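Colleague: Could you walk me through some of the charged residues here, and show me how each label is earned?
Modeller: Gladly, let's have the chain in front of us.

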Amino acid sequence: MRDPEPLAGDLAAMRVDYGDPLAVPTTEADLDESWVAGGWEPLLRNWIDQARSLGVAEPNAMVLATVSLTGPAPRPVARTVLCKGLAPEGVTFYTNYDSAKGEQLAADPYAAATFVWPSLARQVHVRGRTERVPAEVTLAYWQARPRESRLGAWASQQSRPVASRADLDRALAETTARFADVDDIPVPPHWGGYLLRPDEVEFWQGRRGRLHNRIVVRVDGANVSVVRLQP
């Protein structure tokens, strides 16, 4: 086994202490069970809004994990997507249904999504079952997308191999020409939204000495429970 390549810094020594004014200040009160008394969705919405107001880039970005069943054993697969809808029922994102994530969700609908805002010392983990949103929900979001994004959804066979960037650009040029005289580009039949309907939402707040605050909201039908976890 070869020795690891040298790094600009020692990874083992890289850390910040949450609450350090020179690193990640955390002057807010400790995360408490009362913060989710009205449910998980208002607090998640509030944290996204606060991240946006503080200038966090793409505060609605979340790491989406699915399960791949194509190999000899199930394997987790993660990537970053954007949350495009938030309601008490769950979080919504959009993608190509024929993409890797779409095929994985068709085989196993369970997924997990993580929002992380390091500069605020906060994370939220949403875990549960996904389902496709109704066509009218997809259409409403599609009509709010820029024309370039609509063209890209038609041009890209998401997750499929492509020989070169030139081939991808050529596919976009052909798609652009195809819809040149179309003002309202329609939704591709292979594209739409998913609702991640959580059975568990965990809120994480960084604290000194890695003694972080963790509050989990567990949803079982009409039954909701709140549990504090050790860090």
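**Charged residues and their labels**

Modeller: R45 counts as partly exposed, because its relative accessibility is 36%, and partly exposed is the range between buried (under 20% relative accessible area) and exposed (over 50%), using a 1.4 Å probe and protein chains only. Before we go on, this is a predicted model, where local features need pLDDT of at least 70, side-chain atom pairs count only at pLDDT 80 or more, and totals for chains, interfaces and linings use all residues. Residues are numbered from 1 along each chain as its sequence is written, and side-chain values use heavy atoms, with hydrogens and water left out.

Colleague: What makes E41 and R45 a salt bridge?

Modeller: Their closest N and O atoms are 2.8 Å apart. A salt bridge is a side-chain nitrogen of Lys or Arg within 4 Å of a carboxyl oxygen of Asp or Glu, so the pair qualifies. Both residues lie in helix α1, four residues apart, about one turn of the helix. E41 has 12% relative accessibility, so E41 counts as buried.

Colleague: How do you know that D169 and R165 form a salt bridge?

Modeller: The same kind of check works: their closest N and O atoms are 3.0 Å apart, so they meet the cut-off. This pair sits in helix α5 (residues 165-178), again four residues apart. R165 is called exposed because its relative accessible area is 59%, while D169, at 36%, is partly exposed.

Colleague: Which parts of the chain does the salt bridge between E28 and R122 link?

Modeller: E28 and R122 have their closest N and O atoms 2.6 Å apart, which makes a salt bridge. The pair links distant parts of the chain: E28 is in the segment before α1 (40-53) and R122 is in strand β6 (residues 122-132), 94 residues apart. With a relative accessible area of 5%, R122 is buried, whereas E28, at 25%, is partly exposed.

Colleague: Why does D108 have no salt bridge?

Modeller: The nearest side chain of opposite charge, R129, is 6.6 Å away, so the cut-off is not met, although D108 is buried. The side chain of D108 does reach the backbone nitrogen of Y110 at 3.1 Å, which means a polar contact (a pair of N or O atoms within 3.5 Å; within protein, one must be able to donate a hydrogen and the other to accept it, and residues adjacent in sequence count only if both atoms are side-chain atoms).

Colleague: How many salt bridges are there by this rule?

Modeller: The count comes to 14.

Definitions and conventions:
Lys and Arg count as positive and Asp and Glu as negative; His and the chain ends are not counted. Helices (H or I, at least four residues) and strands (E, at least two) are DSSP runs, numbered from the N terminus.
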